[in-house]
Amino acid sequence: MAAAAAVTGGYASEEAGGGAGAAKTADEVGSGGDGAGGDAGSGSSAATSSGGAGGGAAPPPPAARASPTGRARVQAPVAPLRRTAADLAFFGGAMTFRSGGAPPLTVGKPNVGDRAVFDALMDSVWASGQLTNDGPLVRQFEGRLCELLGVRNAVCVANATLGLELALGSLGLREGGEVIVPSFTFVATAHAVSRAGFRVRFADVGGPRSHHVTAASVEAAMTDDTVAIVPVHLWGVACEARALEALARRRGVALVFDAAHAFLCRAGSAGDGRMVGAFGDAEVFSFHATKFMTCGEGGAVTTNDDALAARLRLARNFGFDGYDRVGSVGTNAKMSELHAALGLTNLRGAAAVVMRNAANAHEYRRLLDGVPGLRLYAPPDELAHGERNFQYVVCEVDAVAFGLGRNAVVRLLEAEGVRARRYFHPGVHALEAYAGVCADAEAELPHTVALSRRVLVLPTGLAVDKREVELVCGLLRFMHEHAADIARLFAVL
């Protein structure tokens, strides 16, 4: 974690409640597999905390804990007494989280930095009167990114989606050509390609245990119409960047990486040990509120191509190349001084976030080791020697071995106040906006289809500590041990 160690400083954990438990609707359970379903929690009713069969009343609220900044945090959760499947909150038992006013655990809860640092930076904004338009804090933030990532240029933008759209649009590619993207990604990757005027073509992940596209899976999707490749560094792990660079050079196409998950990551043996940010024609980072290093909203395009960086700076500012002079088509994709101030603040605490994420990942792996049907994601050998930011704790649920399908697990956790996520379900190819792009997904994207039915992302970050991890893992173990009874309860709802 050498890269993370370069950014030090204080941090804070802001916690807020809200949200509702999962509605009591049956889900795919047991050995029957795991089909598609809606996101847990949407339109759901609140689960009760009055106790279920054998559950008794909720335990008394525990003492409040102190936050890293000294401000009081909401009461720490205590596991309810739970003997049978009916004691789970989904079936009317006491909730593990949110009882006594505790907030739910969520994936992507913002990691907020030192308020005093932010206030001092904002004082300089008030004094200057410049809120946007390439202000001094944006330039300072860009300079820090170049130092940390070892790149010549960092162009800050309003968000990563716009950054990717502008990067593709600034490379001089043939309009309407095909761009290869993973289907196993957030939809913004494909949206940026489409909005930049190109046609999306999906590539499968590299194999049954892979979550990344590979040079081989990308090349299998390429055609004579391919003009660019947009691989994704997923889960805070760099993909096989060097092999993809070689493929792009050999086929004569552009290469732009979606690095939204991979800030402060370093590629291992598959990438010459370079920092993510220094590969391909450009790489695009996200500093959205859900990312471990956040500006609230924001992103950055990094590149070692000075001419491309100059075009990007024009494109993010309406194409202005002088006073009242517009020499090219552009848009408004500028980062404001307020967002840059938050970014500079949070850079100081980024190392602490990476350390907490790494500790949480270790605890999850230790406590879930040996649970049948739960496999925590670990990078394959060819990707395992780089530096990770541990931004996501990802596991796969085998419905047969675990006894319950992934969707059932999500709903049971939601009722307990744990908002796990099904990243990425369904694959982008299955979304209505991209219907027809993939004629036969089972044949063309078999590993993506299977993976999207199994994947489960668990909470981590500064708002999650060892005790919360223990409680989540205890819930998962309980679900496996009582899977048959849970399936029967689902059947009678």
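Which Phe residues form one aromatic cluster? In this predicted model, the cluster is made up of Phe141, Phe263, Phe285, Phe287 and Phe292. Across the structure, 16 aromatic pairs are found. One of the pairs joins Phe90 and Phe91, whose ring centres are 5.3 Å apart and whose planes meet at 70°, so the arrangement is edge-to-face. Both residues fall under the 20% limit for burial: Phe90 counts as buried at 1% relative accessibility, and Phe91 counts as buried at 16%. A charged side chain also lies against an aromatic ring, with Arg82 placed over the face of Phe478 at 5.7 Å from the ring centre.

Strand E5, spanning residues 178–182, is mostly covered, with 5 of its 5 residues buried. The burial extends to both faces of the strand: Glu178, Ile180 and Pro182 are buried on one side, and Val179 and Val181 are buried on the other. Strand E5 pairs in the parallel sense with strand E6 (residues 199–203) over 5 bridges, and in this pairing Glu178 stands opposite Arg199 of E6. Between E5 and E6 the chain passes through helix H5 (residues 187–195), and the resulting β-α-β crossover is right-handed. Strand E5 is also joined to strand E7 (residues 226–229), to which it runs parallel, by 3 bridges. Within E7, Ile229 is the bridge partner of Ile180, a residue of E5 that is itself buried.

A further sheet is open and consists of 3 strands in the order E13-E14-E16, paired in the antiparallel sense. Strands E13 (374–376) and E16 (455–458) occupy the edges; each has a single partner strand, so one side of each is left without a neighbour in the sheet. From one strand to the next, the twist averages 30°. Strand E13 and strand E14 (residues 393–397) run antiparallel and are joined by 3 bridges, with Cys395 in E14 serving as the bridge partner of Leu376. Helix H10 (residues 350–368) packs on this sheet and touches E13, E14 and E16, its direction making about 150° with that of E13. Helix H14 (residues 446–454) lies across E14 and E16 and runs at about 45° to E16.

Definitions and conventions: Residues are numbered from 1 along each chain as its sequence is written. This is a predicted model: local features need pLDDT of at least 70, side-chain atom pairs count only at pLDDT 80 or more; totals for chains, interfaces and linings use all residues. Side-chain values use heavy atoms; hydrogens and water are left out. Buried means under 20% relative accessible area, exposed over 50%, partly exposed in between (1.4 Å probe, protein chains only). Helices (H or I, at least four residues) and strands (E, at least two) are DSSP runs, numbered from the N terminus. Two strands pair if DSSP finds at least two bridges between them. A crossover is right-handed if, with the strands pointing away from the viewer, the path from the first strand over the helix to the second runs clockwise. Rings of Phe, Tyr and Trp (its six-membered ring) pair if their centres lie within 6.5 Å; planes under 30 degrees apart count as stacked, over 60 as edge-to-face and the rest as tilted. A charge sits over a ring if NZ of Lys or CZ of Arg is within 6 Å of the ring centre and within 35 degrees of the ring normal. Axes are lines fitted to C-alpha atoms, for helices over the stretch in contact, and angles run from 0 to 180 degrees between N-to-C directions. Contact means heavy atoms within 4.5 Å.
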